Amino acid sequence: MRVVLADLKSDRGFVSKDTVVGGYGSRLDPFSRVTSLISYFKKQFHDVPSVHMAYIAAILARGGHEVKWTRGEMLDGDVALVLSSLVDYKSETAWADRMRERGVTVGFIGITASKMPELFADHCDFIFNGEPEAAVMRLAHGIAPRGTVVSEPIQYPTGDGATV
């Protein structure tokens, strides 16, 4: 399976997703020369990829799947996973609509899609509700997600036999 991971760049100002700034994301929309300069430097030096996407890429690659990364380019794939944000959900859903028109199955991950699925439901085939790793493991094993899919927290063993 070919999976496209989309951590989309904003076409309006500088957006930090929830995995970088917490909450539902933030946007710096330049309104002066000073804020334009700050936005430029943030785009150059503060463009941190999402740790969620790195975990997902590792899980899928370990499962033998081809993983492609995009910041907005339309790539061929069987499934696309889009990192959601409140501040840029309109462009994220528009990108998802274009991918679906190409025949790609699209899903959303992230706190915004988990807590506000109504913003994304008409623009995707599935939404991973919760931390995405458990649901991505099922996807990697060929279980096709549909609708809202609960992704349970992964249990980690401790040294004393308990799990956290």
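Strand S5 (residues 79-83), helix H4 (residues 89-101) and strand S6 together form a right-handed β-α-β unit. Keep in mind that this is a predicted model.

Let's stay with S6 for a moment. This strand covers residues 105-109, and 4 of its 5 residues are buried. Glycine 107 is a handy landmark here: on one strand its bridge partner is leucine 81, and in S7 it stands opposite phenylalanine 126.

Here is how some of the strands pair up:

| Strand pair | Sense | Bridges |
|---|---|---|
| S1 (residues 2-6) and S5 | parallel | 4 bridges |
| S5 (residues 79-83) and S6 | parallel | 5 bridges |
| S6 and S7 (residues 126-129) | parallel | 2 bridges |

For the S1 and S5 pair, one contact point to look up is valine 3, whose bridge partner in S5 is valine 79.

Now zoom out to the whole sheet. It is open, has 6 strands paired in parallel, and follows the order S4-S1-S5-S6-S7-S8. Which strands stand at the edges? They are S4 (66-70) and S8 (147-150); each has a single partner strand, so one side of each has no neighbour in the sheet. On average, neighbouring strands are turned by 25 degrees against each other, direction ignored.

Helix H3 (residues 51-62) packs on this sheet as well, touching S1, S4, S5 and S6. The direction of H3 makes about 175 degrees with that of S1.

Conventions:
Residues numbered from 1 in each chain as written. Predicted model: local features only at pLDDT ≥ 70, side-chain atom pairs only at ≥ 80, totals over all residues. Heavy atoms only, no water. Buried < 20%, exposed > 50% of the residue type's maximum accessible area, 1.4 Å probe, protein only. Pairing = 2+ DSSP bridges. Right-handed = clockwise from strand over helix to strand, strands pointing away. Axes fitted to C-alpha atoms, helices over the stretch in contact; angles between N-to-C directions. Contact = heavy atoms within 4.5 Å.
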